[in-house]
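Here is a short walk through one protein model. Start with the view below, then follow the text from the surface inward.

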Amino acid sequence: MNDYKQYFIEHEKLRNRIIGICMLFHQEDPELYPDIAIDDIVFIFNNKKTLTVSDINANYEDVYCYIDIEWLDEDNETIIRDILEQKKKREDYQLFRSNKK
């Protein structure tokens with residue numbers, strides 16, 4: 001019984017960390033990552049290095065975000081820096097595309 005209890009305690013810690021990272025995505029880039037109900041989060045591990053986070057009420061093709069499992073051990077500042085870098089790259093690319101028209 002204790003093995004199962006420990007499993008669920010660890011699962012809850014992991015779930016809370018994933019939710020925290022999703023909140024960072026929303027906080028730093030709400031245009032791309034709208035608010036998501038915490039109770040509706042589902043995450044799937046691809047057995048390599050990526051967690052796919054989806055809304056249980058959406059189609060599974062509608063991915064909320066991808067989380068590199070290395071981020072689970074990173075501090076929030078590092079994750080925020082990565083999110084902002086990706087946001088800047090996306091905005092620069094959009095600007096580049098709009099200037100080509």
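How much area does the protein expose, and what share of it do carbon and sulfur atoms supply? The model is a predicted one. Its exposed area is about 7600 Å². Carbon and sulfur atoms supply 52% of that area.

Charge comes next. The protein carries 14 positive side chains and 22 negative ones. The centres of these two sets lie 7 Å apart.

Now the fold. The protein has 2 helices and 3 strands. Read from the N terminus, the order is α-β-β-β-α. The radius of gyration is 16 Å, well over the 13 Å that the globule rule gives for 101 residues, so the protein is more spread out than a compact globule. Along the principal axes, the C-alpha atoms fill a box of roughly 65 × 30 × 25 Å.

Contacts and burial add to the picture. Take the contacts with a separation of 6 or more: residues 24 or more positions apart account for 46% of them. Of the 101 residues, 26% count as buried.

Helix α1 deserves a closer look. It covers residues 2-28. At 1.5 Å a residue, its 27 residues should span 39 Å. The end C-alpha atoms of α1 are 39 Å apart, so the model agrees with that expectation.

Which residues of α1 are buried? They are R15, I18, I19, I21, C22, L24, F25 and E28. What covers them includes the strands β1 (41-45), β2 (50-55) and β3 (63-68). Helix α2 (76-100) is also part of that cover.

Technical notes. Residues are numbered from 1 along each chain as its sequence is written. This is a predicted model: local features need pLDDT of at least 70, side-chain atom pairs count only at pLDDT 80 or more; totals for chains, interfaces and linings use all residues. Side-chain values use heavy atoms; hydrogens and water are left out. Helices (H or I, at least four residues) and strands (E, at least two) are DSSP runs, numbered from the N terminus. The radius of gyration is taken over C-alpha atoms; the globule rule is 2.2 Å times the number of residues to the power 0.38. Buried means under 20% relative accessible area, exposed over 50%, partly exposed in between (1.4 Å probe, protein chains only). Contact means heavy atoms within 4.5 Å. Accessible areas come from the Shrake-Rupley method with a 1.4 Å probe; for residues, only the protein chains shown count as cover. Lys and Arg count as positive and Asp and Glu as negative; His and the chain ends are not counted. The place of a charge is taken as NZ of Lys, CZ of Arg, CG of Asp or CD of Glu. The expected span of a helix is 1.5 Å times one less than its number of residues.
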